[in-house]
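Biologist: I've got a structure here and a pile of questions about how it's put together. Can we walk through it piece by piece?

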Amino acid sequence: MKHLIAPSVLSADFANLQRDVEMINSSEADWFHVDIMDGTFVPNISFGFPVMSAIKKYAQKPLDVHLMIVNPEHYIERFAEAGAAVITVHYEACTHLHRVVQSIRIAGCKAGVALNPHTPVSLLKDILPDLDLVLVMSVNPGFGGQQFIPNTLNKVRELRAMASLLHPDLLIEVDGGVGLHNLEILIQSGANVFVAGNAVFAAASPLDMIADMKNLDAGIMKL
Ligand code: DX5
Ligand code: ZN
């Protein structure tokens, strides 16, 4: 499949949120990436339901909601009601991950699990068939504009190899420090969904940057 681009709203201008949402609508982007941070799971607070509903009001593409919160199981239904198409919870935040994943699917959303940079992909072996997406964090979660951690490439390769046996359609999303400089190698490693905050919103032309990322041709997938 052609890779997907998910601009991260965290890097948008919140005083001009409608304008930035409409920019993404009119771009070649596939999803809106929506980062929810609670100040406990990560050392930062982003926004909650009122802002997410404001995004949903104008967004014409699926909302890819990344929950960087403790006890995500308490909020699955509300995020689904607020318009999430994909809900991703952190492996590190869920004692009963299988139950949380089930509840995401029952709520009618695609289910994703995110891994912090130190969490091995092998821990997902038994839950992989139940997931739609794995989000590999390529920075420590909490902030936009950080530098990509190179070991992410090894994790993506290992995960794609595991998925080729257990779940060939698995979406592998990479989040943090992604841009034109590392997109090709990430695609070749087996990832197919790319979050981009700073790369898009700090670009001279966000529309052109999204188009360049979307249309990058990484050649034959070397899996
Ligand atoms: C970080 C967030 C990311 C962030 C990415 O905790 O999960 O989605 O917005 O921003 P960039 O692309 O600037 O690293
Ligand atoms: Zn994110």
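Biologist: Across which strands does helix α8 lie, and at what angle to β1 does it run?

Modeller: Keep in mind that this is a predicted model. Helix α8 covers residues 206–215, and the strands it lies across are β1 and β8. Its direction relative to β1 is about 150°.

Biologist: What do the buried residues of α1 pack against?

Modeller: In helix α1 (residues 17–25), the buried residues are Leu17, Asp20, Val21, Met23, Ile24 and Asn25. These pack against two strands and several helices: β1, β2, α2 (49–58), α7 (198–201) and α8.

Biologist: OK, now the sheet itself. In what order do the strands come, and is the pairing parallel or antiparallel?

Modeller: In general, strands of a sheet pair through backbone hydrogen bonds, and they can do that either way round. Here eight strands make an open sheet, and their order is β1-β8-β7-β6-β5-β4-β3-β2. β1 (4–7) and β2 (32–37) each have a single partner strand, so they stand at the edges with one side lacking a neighbour in the sheet. The twist from one strand to the next averages 25°, and the pairing is parallel.

Biologist: Which residue in β8 is the bridge partner of valine 174?

Modeller: Strand β7 (residues 171–175) and strand β8 (residues 193–196) run parallel and are joined by two bridges. The β8 partner of valine 174 is phenylalanine 194.

Biologist: And over at β4, which residue is the bridge partner of aspartate 64?

Modeller: β3 (residues 63–68) runs parallel to β4, with five bridges between them. Six of the seven residues in β4 (residues 84–90) are buried, so this strand is largely enclosed by the rest of the structure. The partner of aspartate 64 there is valine 86.

Biologist: What about β6: which of its residues point one way, and which the other?

Modeller: β6 is mostly covered, with five of its five residues buried. Leu133, Leu135 and Met137 point one way, while the other way is taken by Val134 and Val136.

Biologist: Which residue in β7 does methionine 137 have as its bridge partner?

Modeller: β6 has parallel partners in the sheet: four bridges join β5 to β6, and five join β6 to β7. On the β5 side, alanine 114 stands opposite leucine 135. On the β7 side, the partner of methionine 137 is aspartate 175.

Biologist: I see a metal in there. Which protein residues are the donors of the zinc ion (ligand 2)?

Modeller: Six donor atoms surround the zinc ion (ligand 2), with angles of 70 to 171° among them, and the site is octahedral. Along the chain the donors follow the spacing H-x1-D-x30-H-x108-D. Histidine 33 sits in strand β2 and aspartate 175 in strand β7, so that pair ties together parts 142 residues apart in sequence. The protein donors, 2.1 to 2.3 Å from the zinc, are His33 (NE2), Asp35 (OD), His66 (ND1) and Asp175 (OD).

Biologist: Are histidine 33 and aspartate 175 buried or exposed?

Modeller: The cut-off for that label is under 20% relative accessible area. By that rule, histidine 33 and aspartate 175 are both buried.

Biologist: Back to the helices. With which residues is leucine 159 in contact, leaving aside its neighbours within four places in sequence?

Modeller: Leucine 159 lies in helix α5, residues 152–166, and that helix lies across β5 (110–115), β6 (133–137) and β7. At 0% relative accessibility, leucine 159 counts as buried. Its contacts are Val121, Leu128, Val134, Val136, Leu170 and Ile172.

Biologist: How far apart in space are leucine 159 and serine 122?

Modeller: In sequence the two are 37 residues apart. From C-alpha to C-alpha, leucine 159 and serine 122 are separated by 7.7 Å.

Biologist: How many disulfides does a search of the whole structure find?

Modeller: A disulfide would need sulfurs within 2.5 Å. For cysteine 94, the nearest cysteine sulfur is that of cysteine 109, 15 Å away. Cysteine 94 is buried at 11% relative accessible area, and cysteine 109 counts as buried at 7%. The search finds zero.

Biologist: Last one: what is the phi of asparagine 71?

Modeller: Most residues other than glycine have a negative phi. Asparagine 71 lies in the loop between β3 and α3 (76–81) and is partly exposed, at 36% relative accessibility. Although this residue is not a glycine, its phi is positive, about 50°.

Key: Residues numbered from 1 in each chain as written. Chains lettered and ligands numbered in written order. Predicted model: local features only at pLDDT ≥ 70, side-chain atom pairs only at ≥ 80, totals over all residues. Heavy atoms only, no water. Buried < 20%, exposed > 50% of the residue type's maximum accessible area, 1.4 Å probe, protein only. Pairing = 2+ DSSP bridges. Axes fitted to C-alpha atoms, helices over the stretch in contact; angles between N-to-C directions. Contact = heavy atoms within 4.5 Å. Donors = N, O, S within 2.8 Å, 3.2 Å for Na, K, Ca; no water. Tetrahedral: all angles 85-135°; square planar, octahedral: opposite > 155°, others 65-115°.
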